[in-house]
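These are my notebook entries on a single chain. I looked up the sheet, the helices and the buried residues in turn.

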Amino acid sequence: MRTLNHEQGAVAVLVALILPILLGFAALTIDLGALRVLQVQAQTAADAAALAVAAECAAVGCPDAEQTMTAFVVANNAQTGTLSLNTAAKQVAVVASAQHLLMFGEFIGASNGQVSASATAAWDTPNPRLVE
């Protein structure tokens, strides 16, 4: 039986060429997955905050709308929130946002990822409801 000595180490070369590509895809998957989870949390925070402010406005007016919004945004793992209150139209809009340190993003020049989500709620009926 004959062996081809000139092909020894071919697998090592292929692995060395393919490994950075595979690691790059793994890093991309991990970072994008973390950002997607953060996006869902931001949407939950915006929805909860908008409904809470709308319920407060329906019950007692809107004396502490900003405080209520901040409490619900932070309680639902978002970092910041912006409130837009329209008492004439009986609507409230909340934008929740959060930042995440990317584990592997620094290799492509992006160290932070930011996501935001918005929700609008109305209190024109006895029960507040999400509009958008």
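Which strands does helix H1 lie across, and at about what angle does it run to E3? I noted beforehand that the model is predicted. Helix H1, residues 10-60, lies across E1, E2, E3 and E4, and its direction is at about 30 degrees to E3.

**Entry: the sheet.** I looked up the strand order next. The sheet is open and has four strands, in the order E1-E2-E3-E4, with antiparallel pairing. Strand E1 (80-86) and strand E4 (129-130) are the edge strands, each pairing on one side only. I then looked up the pairing of strand E2 (residues 91-101) with strand E3 (residues 112-122), which is antiparallel and runs over eleven bridges. Within this pairing I recorded Ala121 in E3 as the bridge partner of Val92.

**Entry: helix H2.** I turned to the second helix. Helix H2, residues 65-75, lies across E1 and E2 and runs at about 145 degrees to E1. Its buried residues are Ala65, Thr68, Met69 and Val73. Why do I assign them to one face of the helix? Viewed down the axis of H2, the buried residues fall within an arc of 125 degrees, and therefore they line one face. The cover over these buried residues includes H1, E1 and E2. On the face turned away from the buried side I found the exposed residues Gln67, Val74 and Ala75. Just after H2, I noted that Asn77 takes a positive phi of about 70 degrees.

**Entry: the cores.** I looked up how the buried nonpolar residues group. The largest nonpolar core has 18 residues, of which Val53, Met69, Val73, Leu83, Val92, Val94 and Ala96 touch the most other members. H1, H2, E2 and E3 each supply at least two residues of this core, and the largest share, seven residues, comes from H1. A second core is separate from it and has seven residues, among them Leu35, Leu38, Leu102 and Ala117. For context, I recall that nonpolar side chains tend to be buried together in soluble globular proteins.

**Entry: Val92.** I returned to this residue for its contacts. Which residues does Val92 touch, leaving aside those up to four places away in sequence? I listed Ala50, Val53, Ala54, Leu83, Ser84, Leu85, Ala119, Thr120, Ala121 and Trp123. Two residues in that list, Val53 and Leu83, also stand with Val92 among the core residues that touch the most other members. The bridge partner Ala121 is likewise in the contact list of Val92.

Note on methods. Residues numbered from 1 in each chain as written. Predicted model: local features only at pLDDT ≥ 70, side-chain atom pairs only at ≥ 80, totals over all residues. Heavy atoms only, no water. Pairing = 2+ DSSP bridges. Contact = heavy atoms within 4.5 Å. Axes fitted to C-alpha atoms, helices over the stretch in contact; angles between N-to-C directions. Core = buried A, V, L, I, M, F, W, Y, C linked by side-chain atoms within 4.5 Å. Buried < 20%, exposed > 50% of the residue type's maximum accessible area, 1.4 Å probe, protein only. Arc of directions from axis to C-beta.
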